[in-house]
Amino acid sequence: MPEPRIACIGVIGKADNPLHISLFHPYGNHNIDFSFILNSCLDIFEIRQKQTSIDQDLGLLYAMDERLAAYGWLTTTGVKFLVIIDLLGQSRNSEMEGTKGINGPTVKESDLKPVFRCLQTAYIRLLQNPFYLPDAHNPISKSAFAAPDVLQITDKKFVAEVKRIGESWVPGVSSL
């Protein structure tokens, strides 16, 4: 039976600039598509901030179709974590590849809390690194001619931790 999997993890800065985007199999070549999805999620963050006093976990932001759903988490510093779930997922057994369907396991918002907690822990560890300068990733403080990769988080430990989180998550797991 196919199970939901993480398709994309995005870390978005205070100024709504993408700090890090990780894509997972089979979406490795869909960078522009997921950049668009992540950008559209920012509008929902903004709407929810104006309408209610939100806590960290925003839950389901929206479902793009029967396959992809976006979930969000807002840190106290204004950094946003977005996780896009492939609801149809992939089967672990290759002979069941043709049996994908909507009747598979569902994702509860509580299933993603360990993912967001681990992402926040990884981000806090990144901020504790004395060589990481969070203000260097603010597009307002950069010139218009700055290279786009300068504005991205490239710390190897952070990138590896995000990759580990994305690849190891399955619904129902209580710790990663």
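So, how does R67 count by its relative accessibility: buried, partly exposed or exposed? R67 counts as partly exposed, because its relative accessibility comes out at 22%. I'll come back to that arginine in a minute. One thing before we go on: what we have here is a predicted model.

Okay, the overview. The protein chain has three helices and five strands. Reading from the N terminus, the order is β-β-α-β-β-β-α-α. The chain is 176 residues, and buried residues account for 41% of them. If you take the contacts between residues at least 6 apart in sequence, 60% of those join residues at least 24 apart.

Let's start at the N-terminal end. Strand 1, residues 3-12, pairs with strand 2, residues 18-23, in the antiparallel sense, and there are five bridges between them. If you want a register to look for on the screen, G10 stands opposite I21 in strand 2. The hairpin made by these two strands has five residues between them. Have a look at D16 in there, in the loop between strand 1 and strand 2. Its phi is near 60°, so a positive value, and D16 isn't a glycine. As for exposure, D16 is partly exposed, since its relative accessible area is 36%.

Keep walking along and you hit a cis peptide bond, between H25 and P26, with omega at about 5°. P26 is in the loop between strand 2 and helix 1, and that helix covers 31-51.

Now the other hairpin. Strand 3 and strand 4 run antiparallel and are joined by five bridges. This hairpin has four residues between its strands. The pair to find here is Y62, which stands opposite A70 in strand 4.

And that brings us back to R67. Which residue does R67 form a salt bridge with? That would be D86, and the closest N and O atoms are 3.0 Å apart. R67 is in the loop between strand 3 and strand 4, which is 68-74, while D86 is in strand 5, residues 80-90, so this salt bridge ties together parts that are 19 residues apart in sequence. The acid partner, D86, counts as buried because its relative accessibility is 2%. The arginine, as I said at the start, is partly exposed at 22%.

There's another neighbour to point out for R67. P4 and R67 are 63 residues apart in sequence, but C-alpha to C-alpha they are 9.2 Å apart in space. P4 lies in strand 1. P4 is buried, too, given a relative accessible area of 0%.

How many salt bridges does a search of the whole structure find? Five. I'll show you two others besides R67 with D86. One is D57 with K113, where the side chains meet at 3.5 Å, N to O. That pair links distant parts of the chain: D57 is in strand 3, residues 57-63, K113 is in helix 2, and the two are 56 residues apart. D57 is buried, because its relative accessible area is 16% and the cut-off is under 20%. K113, on the other hand, is partly exposed at 29% relative accessibility.

The other one is E161 with R164, where the closest N and O atoms are 2.7 Å apart. Here both residues are in helix 3, three residues apart, about one turn of the helix. R164 counts as partly exposed, with 31% relative accessibility.

Hang on to E161, since we'll see it again in the helix packing. Two packed helices are described by the angle between their axes and the distance between the axes. For helix 2, residues 113-128, and helix 3, residues 156-168, the axes come within 10 Å and cross at roughly 175°. So helix 2 is roughly antiparallel to helix 3; anything over 145 degrees would count that way.

Who's in that contact? On the helix 2 side it's V115, C118, L119, A122, Y123 and L126, and on the helix 3 side it's F158, E161, V162 and I165. Sort those residues by type and you get nine nonpolar, no polar and one charged.

That's my tour. Let's open it up on the screen.

Key
Residues are numbered from 1 along each chain as its sequence is written. This is a predicted model: local features need pLDDT of at least 70, side-chain atom pairs count only at pLDDT 80 or more; totals for chains, interfaces and linings use all residues. Side-chain values use heavy atoms; hydrogens and water are left out. Axes are lines fitted to C-alpha atoms, for helices over the stretch in contact, and angles run from 0 to 180 degrees between N-to-C directions. Angles under 35 degrees count as roughly parallel, over 145 as roughly antiparallel, 65 to 115 as roughly perpendicular and the rest as oblique. Contact means heavy atoms within 4.5 Å. Ala, Val, Leu, Ile, Met, Phe, Trp, Tyr, Cys and Pro count as nonpolar, Asp, Glu, Lys and Arg as charged, and the others, Gly among them, as polar. A salt bridge is a side-chain nitrogen of Lys or Arg within 4 Å of a carboxyl oxygen of Asp or Glu. Buried means under 20% relative accessible area, exposed over 50%, partly exposed in between (1.4 Å probe, protein chains only). Two strands pair if DSSP finds at least two bridges between them.
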